[in-house]
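Visitor: I'm new to this one, so could you walk me through it slowly? Let's start with whatever sits around the ligand.

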Amino acid sequence: MVNEQLLNTTLAALKSDMSREAAALFVDLIADYLDLAKAVTKPVSTELGPEELSARLAQPFPRQGQSLDKVVEQFNRDILPDVVRLVHPGYMSVPVAPPLPVTVWMESLIGALNQSTRAFAMSPTATMVERQIIRWLTEQIGFGETAGGTFTSGGTEANFTALLAARAQMLPDAWQEGISSEPPVVLCGENAHYTVFRAVAQLGLGQRRAITIPLRNFCLDTEALASKLQELACSQTKVMAVVATVGAFGTGSFDDLAAIADLCETYSVWLHVDGAHGASALLSEKHRGSLCGIERANSVTWDAHKMMLMPLSASTLLVKEERSLEKAFGSLEVSQSSNEQWTRSFMASRRADALKVWIALHRYGTDGLGILYEHLCLLTQQFYEMVSKRTDFEAFHVPTCNILCFRYVGDRSLPQSALNDLNRQLYKHFNRSGRGLIAAFRIENHFTLRVTLMNPFTQLEHLHVLLDSLTEFAQSLNEGLSGV
Ligand SMILES: *Cc1c(COP(=O)(O)O)cnc(C)c1O
């Protein structure tokens, strides 16, 4: 016997939560949050650590429901105040987007519809939207008619899937038989994302078979790549793939795709381009030249949740030959025209993330998204000039997209190790201040401060606040030290 009374109150709760009044509670929370982009009234991040936050949340297991008003109020009190506010124009830390507003609203609709793009029958329109978006993106890359792809949970899954496809091409028996005792190697620059190394390990090749090629001017050194390929050919070591990176995680560098494609063609090696961050440069007339040669890749990772400013998750893996993805997942015989995306995907149940990309493309156009990309890159260039003009700061590189590594150097009298310590302190101080949020990145032995500008509403004044705050903290640390 079910508890009729409990069932009835629960069903009544479901009904009442389907109302417009219930929706309005959430719309208000979101709209208040988005208002921060116009007038900053709250810090970017919280000062509280894991202990304080977990203590606040450690309430008894909630067996009984409460009214929606009460729960929303509790959320507003206990959770919302201490989020990292990506809409705050002072947010400049790791590349996570303050989402395009139309995609924020669309997320609710994606949840409401809950179309699983595993199978066409479960998501007829959403599946075809996914396939259409993949067609558009592969056209941007310059792939031909036989191209295809899949939405993924992120660049991580996209990189993994790309290398799985490369493995299926080189070792077609691996799906059934596993990896032989002499696995092939994968080459990538020292600027490659850590998920590339993980993918090599996950694929059973052994992480030591991910061979890193040194950098020149922050990009994969193509001469070093040429001699490594030559050396491996001489020792008859199989090379499963070369991974090039555009918009590298650390400095935003773009590898020379045309030169790398030449080498991959010479040695008949699968070329994967990790464009999680940088592939969106294709949307800008000004920047697409930095991806020259991308059309010669076998596979490309392109995250819409990076520089297309979508909410997590929206990412794609695009391949020159759609069939290579089906083979990646063990299919020997698949008709070219299959509309079943599960045949090309790591996932079974799959979110209809394509719908938010669809609405953003229609609302803002590729022109709109392209101009935001240009704007964020230009702002980073202006920040670079601002840093370069000051004697107490130095930049580590000219920005090639929206990422810059720099540091405070004061009067330039401090030795290297003291500079690292000082910048580490400044990083902590600034992020705790609530005025902004930045990241850190190690370049050789240098501790550098890193900004990634993702918020279209960040302005030069916010960058001035950053440099002035860092100077102010450096002076107070200095006084603190001399006072001891
Ligand atoms: C962000 C990023 C990744 C990882 O992608 P996720 O979407 O975080 O899974 C991989 N490569 C590069 C270059 C990235 O910037």
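Guide: A word on classes before anything else: Ala, Val, Leu, Ile, Met, Phe, Trp, Tyr, Cys and Pro count as nonpolar, Asp, Glu, Lys and Arg as charged, and the others, Gly among them, as polar. By that scheme, the shell around the ligand holds one nonpolar, nine polar and three charged residues. Please keep in mind that this is a predicted model, in which local features need pLDDT of at least 70 and side-chain atom pairs count only at pLDDT 80 or more, while totals for chains, interfaces and linings use all residues. Residues are numbered from 1 along each chain as its sequence is written, and side-chain values use heavy atoms, with hydrogens and water left out.

Visitor: Which residues are the closest to the ligand?

Guide: The ligand is surrounded by 13 residues, and the closest are Thr156, Asp274, Asp303, His305 and Lys306; a residue is near a molecule if one of its heavy atoms lies within 4 Å of it. Helix α7, residues 155-170, gives the most to this shell, with three residues. Helices here are DSSP runs of H or I with at least four residues, strands are runs of E with at least two, and both are numbered from the N terminus.

Visitor: What polar contacts does the ligand make?

Guide: A polar contact is a pair of N or O atoms within 3.5 Å. The side chain of aspartate 274 has an N or O atom 2.7 Å from a nitrogen atom of the ligand, aspartate 303 places a polar side-chain atom 2.6 Å from an oxygen atom of the ligand, and histidine 305 has a polar side-chain atom 2.7 Å from an oxygen atom of the ligand. Taken alone the ligand exposes 380 Å², and the protein buries 87% of that, with areas taken from the Shrake-Rupley method with a 1.4 Å probe.

Visitor: Okay, zooming out: how many helices and strands are there?

Guide: The protein has 15 helices and 13 strands. Its radius of gyration is 25 Å, close to the 23 Å that the globule rule gives for 484 residues, so the protein is as compact as a globular protein of that length; the radius is taken over C-alpha atoms, and the rule is 2.2 Å times the number of residues to the power 0.38.

Visitor: And threonine 380, buried or exposed?

Guide: Threonine 380 is buried, with a relative accessible area of 0%, where buried means under 20%, exposed over 50%, and partly exposed in between (1.4 Å probe, protein chains only). Threonine 380 sits in helix α13, residues 354-389, and, leaving aside neighbours within four places in sequence, is in contact (heavy atoms within 4.5 Å) with Pro399, Cys401, Asn402, Ile403, Leu404 and Leu453.

Visitor: Anything unusual in the backbone?

Guide: As background, most residues other than glycine have a negative phi, and most peptide bonds are trans. Leucine 312 and serine 313 are joined by a cis peptide bond, with omega about -5 degrees, and serine 313 lies in the loop between β8 (299-303) and β9 (315-319).

Visitor: Where do I look for positive phi values?

Guide: Look at asparagine 217, whose phi is near 50 degrees, in the loop between β4 (215-216) and β5 (219-220). Phenylalanine 218 lies in the loop between β4 and β5 as well, with a positive phi near 70 degrees. Asparagine 217 counts as exposed at 65% relative accessibility, whereas phenylalanine 218, at 22%, counts as partly exposed.

Technical notes: Polar contact = N/O pair within 3.5 Å; in protein donor to acceptor, adjacent residues only side chain to side chain.
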